[in-house]
Each structure stands twice: as C-alpha cells, then as structure tokens.
Amino acid sequence: MANDRQEMKTEIEKSNHYNKYFTKTSYTIKQDPPLFVKEGSHRVIIKYQDEADKTFEYDVGLSVIEDTEGHLGYLVSVEDTKKLEEKKIKNAELERWLTEKQIAASYVHELRNPLFSIRGFLQILKQSFVDDDKRKEYTDIALNELDRMNNLLSDYLSRYKEHNIINGRVNRCISVKNIIEELIVFFQHSMQLKGISYTLEFGNDEILVSIDKEQLTQVLINIIQNAIDAMSNGDNLTIKAFKEDNWVCVEITDEGVGIKQDDLDKIFVPFFSTKEKGTGLGLYITKQIMDSNGGSINIVSEEGKGTTVFLKFPEAKENQ
Amino acid sequence: MYKNTVLVVDDQPLINVMLKEVLSNSGFNTFVASNYIEAVEIAKTEQPDVAILDINLPDIDGIELLSKLKEINPDIKAIFISGSFDPQYAQKAADKGVLRYFIKPFDVFELANFLVKISSVDSASKGENKWQMIGKK
C-alpha cells in the first residue's frame with residue numbers, strides 16, 4: 001500500500017492539477033503532512049516565490065478512489081478560501097434578506113384581510129346611498145384611499161424584491177442603449193397620444209452597465225414616466241447615453257412643467273409626491289437602486305422650462 | 001334549475017359576514033365556514049355548487065380543501081381568494097379547475113357578478129336594487 005501511495009504521489013505531481021497549482025510554489029501544510037498520501041481535506045497555504053509576500057490559501061480535498069479490480073485513482077479539489085468566505089457572507093446576506101422579505105410578505109398578506117373586509121363593507125354602504133347623497137361621495141373617497149393604502153403595501157413588497165435581486169444577482173453586462181430603445185417602444189403610444197416627440201442621442205460605442213436588467217428597467221421607467229407626465233403637446237423628450245471616464249451617463253431631459261425648488265429638496269423622500277395618485281415611492285426606490293449599484297442620480301429643474309435627470313453608473317467591462 | 005348555493009370559507013369572521021351579506025343580497029343561498037371541518041360539514045349537508053376558498057386556512061390549504069370538497073361533490077366550482085398572488089400556486093389552482101383567483105382587497109361586486117355569470121341566477125331584482133331601496137328610505 002505504501003508503494004501504491006508513493007506511486008500515486010508521483011502521478012499527482014505529474015498531473016496538470018499539480019502543475020497548475022503547485023509548480024513554482026513552496027507550500028506549507030497546516031495539518032496532516034504529507035498532503036498527497038493522506039485522504040481528506042486540507043488547508044494549504046501557498047507562497048508564490050516569484051511574487052514577494054503573496055500568500056494564497058486553498059482548501060484542498062483529496063479522495064482515493066478504488067475500482068472493483070483494485071485500481072487506484074484519486075480526486076483532487078482545490079478551492080480559494082477567500083472566495084469561499086465571500087460566498088459564505090453573500091449567502092448569509094441573501095438568507096437574511098429572504099427572511100425579512102418573508103416576514104414583510106406575511107405582514108402584507110395579513111393586513112390585506114382587514115383591508116378587504118373594510119372595502120367590502122364600504123361597498124355595501126355605498127350601495128345604500130342615492131346618487132346625489134354626499135355620503136356616497138365620501139364612501140368613494142374612502143374606497144380610493146383604501147386602494148391607495150393597498151398600493152403602498154404592494155410598493156413596499158416590491159422594494160424587498162429589489163433588494164433580493166441585488167444580493168442574489170449575478171454580475172451581468174447590460175446594454176443601456178438596448179434597454180432605452182426597448183422602453184421607448186413601450187412608451188411610444190402614450191407619447192403619441194399626448195403629442196410628445198423624442199430624441200435619442202447615443203454614441204457609436206457599446207455602453208454597458210453591470211446591473212440587474214429588471215432594476216435598470218425600473219429606474220428608467222420611473223424617470224421616463226415622470227417626464228411624460230410633466231409634458232404636454234409639442235414638448236420633446238431627449239435621452240442621451242454616453243461614457244465619461246469609467247462612468248456610464250444617462251441624461252433624460254423633458255420640456256415639462258418643471259419642479260418647484262421646495263419640492264426638489266424633498267424629491268427623494270419616501271412618500272413625498274406631487275401627483276394626485278402618486279405613492280411617493282417611485283424616485284425613492286430609484287435612488288435606492290442607483291445607490292446600491294454604486295451609481296448616482298441628480299435632478300436639475302427649472303419651473304416652467306423642464307427637468308433633466310442625470311444618472312451615473314459604474315461602467316461594466318465586457319468580460320465582467 | 002338554479003345553481004345558487006355558495007360556500008364561503010375564510011378564517012376571518014368579518015370577511016365571512018361581509019361576503020355573506022353581499023352574496024345573499026345578490027340572490028345566492030350563502031353559507032360560511034371558517035375551517036376545514038366546518039367546510040366539509042356544510043359541503044355534505046348543503047351541497048353547494050360553488051366554493052369561494054381562502055387559500056391560507058389554518059388547518060388546510062386551498063388546493064387540498066378543494067380536493068376534499070370534490071370528493072363530496074365532483075362538480076363543485078371553485079374560486080380562490082388570497083391576500084397575495086403566487087403565480088405558481090395560481091397555475092396549480094388553474095390546473096385543478098379553479099375558475100378565478102381574486103386578490104384581497106378586491107371589488108366584492110365583481111365577485112358577485114362573476115358568480116351570477118357562472119350560475120344563471122338573475123340577481124338584478126334581488127341584489128343591488130335592494131340596497132338602492134334602503135337608500136331611498
């Protein structure tokens with residue numbers, strides 16, 4: 001058996017794995033030396049001789065495999081411990097968010113029960129009033145407010161969804177130009193109805209950002225929808241996308257009513273809205289998404305002239 | 001023959017009271033239950049044609065309860081109500097023949113109108129007009 005193991009060690013030394021991970025290196029083994037004649041998992045610290053002071057830690061697993069005829073084989077797995085730690089932290093974060101999301105979802109679920117009985121009783125009540133009765137109007141207001149409350153609950157849940165995606169996302173390259181072009185098709189009809197024109201200004205370069213597609217779409221929908229709401233017949237919407245240093249910039253300019261200076265200060269505050277049926281969460285969520293992706297959002301506006309929203313994202317590299 | 005007996009199963013007593021009020025006034029013979037045992041009891045004695053089921057009852061889930069009710073009456077029609085929407089669950093429910101999936105808080109008259117549509121009950125003279133009458137008094 002000792003001979004077999006010696007043979008195996010030689011075999012491993014000749015194998016690609018050995019050359020890839022251990023050639024030109026000196027390694028210290030924390031436990032159970034020598035590694036390659038002992039089964040089990042080991043933590044190996046490798047010091048590269050050609051790179052001063054660089055130390056790498058790997059978890060190494062070795063299993064000896066024997067088939068029915070007694071031929072020996074071996075299975076070696078090598079994993080970077082730093083990456084393992086990162087993965088563990090990421091998993092713990094994701095788990096925490098999933099738990100919180102679950103709690104939030106069950107709260108919302110339970111809140112909808114009393115909302116539903118109130119809604120139903122209000123509808124019954126409304127039926128008992130004649131058309132010109134003021135009380136019929138009041139029950140309508142109460143019903144609308146109740147629906148608004150329910151929308152707030154839905155928005156609250158969707159905020160959890162965003163965070164869930166942030167933690168669970170795989171870094172991907174998304175073409176800003178493609179997303180904007182897709183969205184313009186989506187908004188084309190409502191712009192036509194309002195008599196609004198649009199201009200897209202992109203350079204020739206591919207503009208890539210590393211953000212979840214759903215999140216980028218939500219950010220752009222929130223901003224473009226606000227722009228369209230602010231504009232009227234004959235106004236123009238301009239969307240520019242370009243690279244600046246290591247940033248991707250998107251500028252969305254409308255010729256709408258603009259935002260009052262007082263309101264501009266409160267624009268990212270949750271539940272602040274100037275729209276009659278707004279939840280006041282659109283721009284708040286937008287800012288949250290931008291911040292959590294290492295980006296930024298700034299708004300410049302002049303009352304009566306229009307608004308420009310500046311979005312900045314870290315540029316994604318093709319191989320990211 | 002009218003198909004006009006409805007069973008409502010929800011663990012929230014006020015929702016049961018409210019739905020019974022709306023559906024009774026829309027011309028349906030309405031029974032309510034707040035759990036599995038009561039639901040099965042009513043299904044046996046009253047032979048409802050339609051069941052309106054909350055999908056998260058304390059002792060049973062909507063799809064399971066529907067299976068139990070179908071053992072008693074294979075032709076029973078079902079509508080699910082819930083405080084949240086789970087697309088996968090909705091798909092399973094649709095596969096089981098559930099006709100509609102209402103998310104609370106929804107328009108109760110939409111539910112009543114849907115029941116009228118699937119039940120051939122003419123509720124116009126009994127239902128909404130009744131409340132109008134009260135209002136005029």
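## The second largest pocket

Seven nonpolar, three polar and two charged residues make up the lining of the second largest pocket. Keep in mind from the start that this is a predicted model. The space in that pocket comes to about 340 Å³.

Who lines it? From chain A come Ala105(A), His109(A) and Leu157(A). From chain B come Ile55(B), Asn56(B), Asp61(B), Ser84(B), Phe85(B), Asp86(B), Pro87(B), Tyr89(B) and Tyr101(B). Helix 3 of chain A and helix 4 (87-95) of chain B each put at least two residues into this lining.

## Where the chains meet

His109(A) is a handy bridge to the next topic, since this pocket-lining residue also turns up in the contact between the chains. That contact draws 18 residues from chain A and 24 residues from chain B. Between them, chain A and chain B bury about 1900 Å², with carbon and sulfur atoms giving 66% of the area. On the chain A side, the residues that lose the most area to chain B are His109(A), Phe116(A) and Gln127(A), together 35% of what that side buries.

How many salt bridges cross between chain A and chain B? The count is zero. Polar contacts do show up, though: six residue pairs are found across the interface, both partners at pLDDT 80 or more. Helix 3 (81-127) and helix 4 (134-168) of chain A each supply at least two residues of the side that touches chain B. The largest share, 13 residues, comes from helix 3 of chain A. By class, that side of chain A has seven nonpolar, eight polar and three charged residues.

## A salt bridge within chain A

Over all chains, the structure holds 12 salt bridges. One of them pairs the side chains of Asp147(A) and Arg119(A), at 3.0 Å from N to O. This pair links distant parts of the chain, with Asp147(A) in helix 4 of chain A and Arg119(A) in helix 3 of chain A, 28 residues apart. Those are the two helices that each give at least two residues to the side of chain A touching chain B.

## The largest pocket

Now for the largest pocket, which has a volume of about 890 Å³. Its lining runs to 36 residues, and Asn226(A), Ser273(A), Thr274(A), Lys275(A) and Leu283(A) lie nearest its centre. Sorted by class, the lining has 14 nonpolar, 14 polar and eight charged residues.

Which elements of chain A give two or more residues to this lining? They are helix 4, helix 6 (213-230), strand 9 (247-254), helix 8 (282-292) and strand 11 (306-314). Helix 6 of chain A gives the most, with nine residues. Helix 4 of chain A thus appears in this list as well as on the side that touches chain B.

## Backbone oddities

Two spots are worth a look if you care about backbone geometry. As a rule, most residues other than glycine have a negative phi, and most peptide bonds are trans. Asp245(A) has a positive phi, near 55°, and is not a glycine. Asp245(A) sits in the loop between strand 8 (236-244) and strand 9 of chain A, and strand 9 is one of the elements giving two or more residues to the lining of the largest pocket.

The other spot is in chain B, where a cis peptide bond joins Lys104(B) and Pro105(B), with omega about 0°. Pro105(B) is in the loop between strand 5 (100-103) and helix 5 (108-119) of chain B.

Conventions:
Residues numbered from 1 in each chain as written. Chains lettered and ligands numbered in written order. Predicted model: local features only at pLDDT ≥ 70, side-chain atom pairs only at ≥ 80, totals over all residues. Heavy atoms only, no water. Contact = heavy atoms within 4.5 Å. Buried area = accessible area lost by both parts, 1.4 Å probe. Salt bridge = Lys/Arg side-chain N within 4 Å of Asp/Glu carboxyl O. Polar contact = N/O pair within 3.5 Å; in protein donor to acceptor, adjacent residues only side chain to side chain. Helix = DSSP H or I, 4+ residues; strand = E, 2+ residues; numbered from the N terminus. Nonpolar A, V, L, I, M, F, W, Y, C, P; charged D, E, K, R; others polar. 1 Å grid on protein atoms, 1.4 Å probe; cavity = no way out; pocket = protein on both sides within 12 Å on 5 of 7 lines; lining within 4 Å. Points joined across faces, edges and corners; volume = space filled by probe spheres on them.
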